[in-house]
Amino acid sequence: MEFAVLGNHVRDLRTVRRMSQAELGAALGVSRQTINSIETGRYLPSLALAFGLARFFDRTVEEVFVVEQR
Amino acid sequence: MSNRDRNTRTFWLTPICGVVVGAAFAVGSWVGGHPASGFVFLVVMVVFSGALVVVSRRSETVRGLLDRRDERISSIDLRATAASGLVVIATVIGAAVVEMARGHSGEPYSWLGALAGLCYLLAVLIQRIRG
């Protein structure tokens, strides 16, 4: 079984909360650059950070990240 | 020890190492009879370490490299370190080959290459055991 992360909804969830990338990064203990890289799909976060993002937005990991089984 | 204390200690580790390396250069040069160049080495390393601390207040990347809180920057650091290691190993191998072509034994480059290979195998073994 192989999975691929196709994208995520971090930017949408963040803008709904009217937060900046820097504020979200500070809340999760990472840099603004890292949030930007996640939002643009250039960086795939660790499992811990993915769960952190999901918990922060009161969502499941599957609701935050678009995953496809191949 | 709290996370804050740990982060503070980690933050200062690289600048302190820089000063210690500078001091080691200075002592080595002084013992070798070149105290002036040793002093220059020390000043360069102290200035470099101080610049790291100052720049970290403005740059997220430098701060991340120092405090290691950001997993992406830590990952970049790891890959950059690996790339630097590869370049050094390739240079050492090249230097050993040149030394051998000149009719010498290839030392000390051959020993450095062997050390690098041994360290790599040991690191793979340790990482494999740790999971």
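This is a short tour of a predicted model with chains A and B, one selection at a time.

**Stop 1: chain A as a whole**

Start by selecting chain A and colouring by secondary structure. You should find five helices and two strands. Walk from the N terminus and the order reads β-α-α-α-α-α-β. The radius of gyration of chain A is 12 Å, close to the 11 Å that the globule rule gives for 70 residues, so chain A is as compact as a globular protein of that length. Turn chain A around a little: along its principal axes, the C-alpha trace spans about 35 × 20 × 20 Å.

How much of chain A is buried? Of its 70 residues, 24% are. As for contacts in chain A between residues at least 6 apart in sequence, 56% of them link residues at least 24 apart.

**Stop 2: two helices that cross**

Stay in chain A and select residues 21-28, which form helix α2, together with residues 32-39, which form helix α3. Their axes are 8 Å apart, and the helices pack at an angle of about 105 degrees. Angles from 65 to 115 degrees count as roughly perpendicular, so that is the word for α2(A) and α3(A).

Now show side chains where the two helices meet. On the α2(A) side, pick Gln21(A), Ala22(A), Leu24(A) and Gly25(A); on the α3(A) side, pick Arg32(A), Thr34(A), Ile35(A) and Asn36(A). What classes of residue make up this contact? You have three nonpolar, four polar and one charged.

**Stop 3: two loop residues with positive phi**

Next, some backbone details. Most residues other than glycine have a negative phi. Chain A offers a couple of residues that go the other way.

Go to Arg18(A), in the loop between α1 (10-16) and α2 of chain A. Arg18(A) is not a glycine, yet its phi is positive, at about 55 degrees. Is Arg18(A) buried or exposed? Arg18(A) counts as exposed, because there are 7 C-beta neighbours inside 10 Å and the cut-off for exposed is 12 or fewer.

Then jump along the chain to Asp58(A), which sits in the loop between α4 (47-56) and α5 (61-64) of chain A. Asp58(A) has a phi near 55 degrees, again a positive value in a residue other than glycine. With 8 other C-beta atoms within 10 Å, Asp58(A) is exposed.

**Stop 4: where the chains touch**

Bring chain B back into view and look at where it meets chain A. Chain A puts 10 residues into this contact, and chain B puts in eight. Which element of chain A gives the largest share of its side? That is α3(A), with four residues. You already know α3(A) from its packing against α2(A). By class, chain A's side of the contact with chain B holds three nonpolar, six polar and one charged residues.

**Stop 5: chain B as a whole**

Hide chain A and colour chain B by secondary structure. There are five helices and zero strands here, so to speak a plain α-α-α-α-α along the sequence. The radius of gyration of chain B is 19 Å, whereas a compact globule of 131 residues would be near 14 Å. The box filled by the C-alpha atoms of chain B is roughly 55 × 45 × 25 Å along the principal axes.

Buried residues account for 14% of the 131 in chain B. Of the contacts in chain B between residues at least 6 apart in sequence, 34% join residues at least 24 apart.

Try colouring by domain too. The assignment for chain B lists domain 1 as 1-69 and domain 2 as 77-131. The centres of those two domains, taken over C-alpha atoms, are 25 Å apart.

**Stop 6: a pair and a proline in chain B**

Select Ala51(B), which belongs to helix α2 (residues 35-55) of chain B. Ala51(B) has 13 other C-beta atoms within 10 Å and is partly exposed. Add Leu115(B) and draw a distance between the C-alpha atoms: 32 Å in space, for residues 64 apart in sequence.

Last pick: Pro108(B), in the loop between α4 (71-101) and α5 (109-130) of chain B. Most peptide bonds are trans. What is the peptide bond from Glu107(B) to Pro108(B)? That bond is cis, with omega near 5 degrees.

Technical notes. Residues are numbered from 1 along each chain as its sequence is written. Chains are lettered from A and ligands numbered from 1 in the order in which they are written. This is a predicted model: local features need pLDDT of at least 70, side-chain atom pairs count only at pLDDT 80 or more; totals for chains, interfaces and linings use all residues. Axes are lines fitted to C-alpha atoms, for helices over the stretch in contact, and angles run from 0 to 180 degrees between N-to-C directions. Angles under 35 degrees count as roughly parallel, over 145 as roughly antiparallel, 65 to 115 as roughly perpendicular and the rest as oblique. Two residues are in contact if their C-beta atoms, placed from the backbone, lie within 7 Å. Ala, Val, Leu, Ile, Met, Phe, Trp, Tyr, Cys and Pro count as nonpolar, Asp, Glu, Lys and Arg as charged, and the others, Gly among them, as polar. Domain bounds come from an automatic or database domain assignment. A residue is buried if 20 or more other C-beta atoms lie within 10 Å of its own, exposed if 12 or fewer, and partly exposed in between; C-beta atoms are placed from the backbone. The radius of gyration is taken over C-alpha atoms; the globule rule is 2.2 Å times the number of residues to the power 0.38.
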